[in-house]
Amino acid sequence: HYTIDGSVPDINSPVATTVIPLTKTCVLKALLFDHQQTPVHRTFQQLFSINKATGAKIVLQHPPDTKYLGNASKLVNGVAGTHRYNDEQWIGFSKQSLIATIDLGSEQWINQVGISCLNYHWQRMWAPQYVLFEGSADGVHFQKLTKASKFPVNGINKVLLPVKRTKVRFVRVTAPPAGVILAGEYGAGGNSMLLVDEIIIN
């Protein structure tokens with residue numbers, strides 16, 4: 001049995017017998033019951049971030065080049081990465097920049113863009129130098145939408161920025177890694193890693 005309204009499932013909640021349609025951002029909670037209608041195990045829960053980018057076509061100019069690998073679709077699958085960076089939702093870059101282009105399928109009005117970045121220096125995970133968001137109608141000529149350059153959180157930096165209401169089909173996200181780790185920091189002299197997840201377009 002499952003819920004998508006934040007409540008804990010009970011025996012009267014809907015039964016998951018097929019794919020569960022999600023049309024907006026929500027926390028899906030599910031709980032298994034035995035034949036005596038007694039809960040079994042703990043409640044499973046997962047945040048799904050549903051937005052214009054969710055399920056959209058995405059192309060990376062460079063593949064991930066750290067041990068945190070994976071298909072580009074991880075960035076638009078609606079599943080938010082957690083502080084447990086080994087949850088297989090984050091993808092990592094070190095010597096190459098993240099350059100991702102999302103195709104919304106048709107021109108659409110947007111007013112907000114975002115992405116999550118991990119900042120754990122003790123794991124050689126550093127926030128990017130910046131994150132640049134650009135928009136385009138044809139996938140060739142891009143114009144700047146907005147740029148983020150401050151990532152103050154020790155942990156997950158959830159970048160979510162307003163943009164002037166604009167009609168675009170393509171959104172390009174560029175984020176260069178921090179580069180060589182500074183003296184005095186863990187892993188000094190080596191390359192930092194940029195871990196990113198869930199691109200948001202609203």
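How many salt bridges does the count come to? The count comes to two. Before I go through them, note that this is a predicted model.

Take Asp103 and Arg169. Their side chains meet in a salt bridge, with N to O at 2.8 Å. Asp103 sits in strand 6, residues 98-118, and Arg169 in strand 9, residues 156-175, so this pair ties together parts that are 66 residues apart in sequence. As for exposure, Asp103 is buried, at a relative accessible area of 14%. Arg169 is partly exposed, at 29%.

The other salt bridge joins the side chains of Arg172 and Glu134, at 2.9 Å, N to O. This pair also links distant parts of the chain: Arg172 belongs to strand 9 and Glu134 to strand 7, residues 131-136, and they are 38 residues apart. Arg172 is partly exposed, with a relative accessible area of 25%. Glu134 is buried, with 12%.

Now the nonpolar residues. The largest nonpolar core has 34 residues, and Leu98, Ile102 and Ile115 have the most contacts inside it. Several strands supply at least two residues each, including strand 4 (57-60), strand 5 (91-93), strand 8 (143-148) and strand 10 (194-201). Strands 6, 7 and 9, which came up with the salt bridges, are also on that list. Which strand gives the most to this core? That is strand 6, with eight residues.

Ile102 is worth a look on screen. Setting aside neighbours within four places in sequence, Ile102 is in contact with residues including Ala53, Ile58, Val76, Phe170, Val171 and Ile201. Arg169, from the salt bridge with Asp103, is also among the contacts of Ile102. Apart from this core lies another, of nine residues, among them Leu118, Tyr120, Met125 and Ile156.

Last, a charged residue without a partner. Lys29 is in strand 2, residues 26-33. In general, side chains of opposite charge can pair when their charged atoms come close. Why does Lys29 have no salt bridge? A salt bridge needs the nitrogen within 4 Å of a carboxyl oxygen, and the nearest side chain of opposite charge, Asp5, is 7.6 Å from Lys29, so the rule is not met. Lys29 is nevertheless buried. What does the side chain of Lys29 reach? It reaches the backbone oxygen of Gly6, at 2.9 Å. Leaving out neighbours within four places in sequence, the residues in contact with Lys29 include His1, Tyr2, Pro9, Thr43 and Phe44. Gly6 is in that set too.

Conventions
Residues are numbered from 1 along each chain as its sequence is written. This is a predicted model: local features need pLDDT of at least 70, side-chain atom pairs count only at pLDDT 80 or more; totals for chains, interfaces and linings use all residues. Side-chain values use heavy atoms; hydrogens and water are left out. Helices (H or I, at least four residues) and strands (E, at least two) are DSSP runs, numbered from the N terminus. Buried means under 20% relative accessible area, exposed over 50%, partly exposed in between (1.4 Å probe, protein chains only). A nonpolar core is a set of buried Ala, Val, Leu, Ile, Met, Phe, Trp, Tyr and Cys residues joined through side-chain atoms within 4.5 Å. Contact means heavy atoms within 4.5 Å. Lys and Arg count as positive and Asp and Glu as negative; His and the chain ends are not counted. A polar contact is a pair of N or O atoms within 3.5 Å; within protein, one must be able to donate a hydrogen and the other to accept it, and residues adjacent in sequence count only if both atoms are side-chain atoms.
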